[in-house]
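Welcome, and please take a moment to look over the sequence and the model before reading on. A short guided walk follows.

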Amino acid sequence: MNSISLPAGSPLLKKSFLYGTATSSFQIEGDVDNRLECIWDRFCEQPSAIADHSNGDVACEHIVRIKAFATLYHWDLPQHLEDKGGWLNRQTAYAFEDYVDKISQALGEDVYSYATFNEPFCSAYLGYEIGVHAPGKTGRKYGRTAAHHILLAHGLGMQVLRKNVPNSEAGIVLNFTPCYPATQDTDDLLATRKADEYINQWYMQPVMEGRYPEVLFDLDEADRPPVEDGDMEIICQPLDYLGVNFYTRLHYSAPREKNALYYEHSHQGPLTDIGWEIYPKALYDLLTSLNERYTLPPIFITENGAAMADKLIDGEVNDVDRVSYYHTHLNMVHDAVLVGVKVSGYFAWSLLDNFEWAEGYAKRFGLVYVDFDTQERTLKLSANAYKTLIASRK
Ligand code: FCB
């Protein structure tokens, strides 16, 4: 028999009939040294209790093969908090502290790694400074204020994690878009440094060194972040790891408008379907420059991937362009590791095609293709390539 069938019209063939696969902890988890003894452990010790004289010490190694990496905040601030000012309101940082307390008490150390925030830049700058992401507010003061409260929330959250889950890893995920000068002119070089400080180091430097970058002093006093006594010490907590998200780079020139810090060029060269330049070497440059500039904890590449104009043809998505993106970028990580950058792992963005924020469903980043009319899933070529790579590890 090579198929399973049921009588036509069977109630078991109705969509409302739920199918799953069942497991239980003792039967699959193993990892005996890291759990409390239970009655089945003791029972297994009796000479004739178990037919093959085995026990649940190893079982299916489910625990050691699955590490849960949890991100506590990936942009979905409860609307009721936004109604009270969201990240412009310092109280939101304390609400986050309380939330981290409740979540980490509930999930405990079953979570291998906690990240306080995903990409504070996007929440603060895209959401509160230029308004292309939720909640759609605009203004430099708003952007800098939101960033400060998020960074403060990160520091408060880290302290809670250390108390509640001391054996779990704790850190933060920052996104970096490396900045390159359009020319080697002094003005362009200076503008590029300011752009890097404003976009990238604005988050990295407080977290690692407890201070904002120099570009702070280029801002009008009224636009500077609302730093209170002790905030920078709270923000600067030792990290077990730094999550680095990388997609692309940008070019900068001297500012062309009054009050601007820099001029940002639009993307040139080979582009992904979302319009971001494909320039793998920027990932190498980023990792090596961070490693030179800071005393880094181990790094995880927590997001990297590409939106491509996928076509589902005869049940297949032949996304050779995405496979090439992963290939070239993973090789840059390889090169960075060889010159001494400590990278402990890599996460592809993303498992599934999904709701790509301000782009809606139009941009596909998944290893798995999703037909949004039927919700049918199809593994792309990139999913199989990634699977093969992972399986080839020794
Ligand atoms: C990152 C976000 C993620 C996704 C990718 C494409 O900035 O963390 O949610 O939008 O970009």
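This report starts with the sheet, turns to the helices and ends with a single residue.

## The sheet

The structure shown is a predicted model. A good place to begin is the open sheet, where six strands follow the order 1-2-3-5-8-11 with parallel pairing. At the edges stand strand 1 and strand 11 (343–346), and each has a single partner strand, so one side of each is left without a neighbour in the sheet. From one strand to the next, the twist averages 30°.

## Strand 2 and its partners

Let us step inside the sheet to strand 2, which spans residues 113–118. Is this strand mostly enclosed or left open by the rest of the structure? Six of its six residues are buried, that is, under 20% relative accessible area. Strand 2 is therefore largely enclosed by the rest of the structure.

Strand 2 has strand 1 (residues 69–71) as a parallel partner, joined by three bridges. In this pairing, Thr-71 is found opposite Ala-115 of strand 2. Strand 2 also pairs with strand 3 (residues 169–176), again in the parallel sense, over four bridges. Here Tyr-114 stands opposite Ala-170 in strand 3.

## Toward the strand 11 edge

Now move along to strand 11, which pairs with strand 8 (residues 299–303). Three bridges link these two strands in the parallel sense. If you look for Ile-299, you will find it opposite Val-343 in strand 11.

Helix 11 (residues 320–338) packs on the sheet and touches strand 5, strand 8 and strand 11. The direction of helix 11 makes about 170° with that of strand 11. Another helix to find against these strands is helix 8, which lies across strand 3 and strand 5 (241–246) and runs at about 155° to strand 3.

## Helix 6 against helix 8

Two packed helices are described by the angle between their axes and the distance between the axes. For helix 6 (residues 120–129) and helix 8 (residues 186–209), the angle is about 130° and the axes are 9 Å apart. The two helices are therefore oblique to each other, and helix 6 passes helix 8 in a right-handed crossing.

Which residues make this contact? Helix 6 supplies Pro-120, Phe-121, Ala-124, Tyr-125 and Glu-129, while helix 8 supplies Tyr-198, Ile-199 and Tyr-203. By class, seven residues of this contact are nonpolar, none is polar and one is charged.

## Helix 6 against helix 7

Helix 6 also packs with helix 7 (residues 140–164), their axes coming within 8 Å and crossing at roughly 150°. Angles over 145 degrees count as roughly antiparallel, which makes helix 6 roughly antiparallel to helix 7. Helix 6 passes helix 7 in a right-handed crossing.

On the helix 6 side, the contact is made by Pro-120, Ser-123, Ala-124, Tyr-125, Tyr-128 and Glu-129. Facing them from helix 7 are Arg-140, Tyr-142, Gly-143, Arg-144, Ala-146, Ala-147 and Ile-150. The residues of this contact divide into eight nonpolar, two polar and three charged.

## A last stop at Asn-384

To finish, find Asn-384 in helix 12 (residues 381–391). With 34% relative accessibility, Asn-384 counts as partly exposed. How many Å separate the C-alpha atoms of Asn-384 and Asp-57? The separation is 32 Å, and the two residues are 327 residues apart along the chain.

Key
Residues numbered from 1 in each chain as written. Predicted model: local features only at pLDDT ≥ 70, side-chain atom pairs only at ≥ 80, totals over all residues. Heavy atoms only, no water. Buried < 20%, exposed > 50% of the residue type's maximum accessible area, 1.4 Å probe, protein only. Pairing = 2+ DSSP bridges. Axes fitted to C-alpha atoms, helices over the stretch in contact; angles between N-to-C directions. Parallel < 35°, antiparallel > 145°, perpendicular 65-115°, else oblique. Left-handed = near helix turned anticlockwise from the far one by under 90°. Contact = heavy atoms within 4.5 Å. Nonpolar A, V, L, I, M, F, W, Y, C, P; charged D, E, K, R; others polar.
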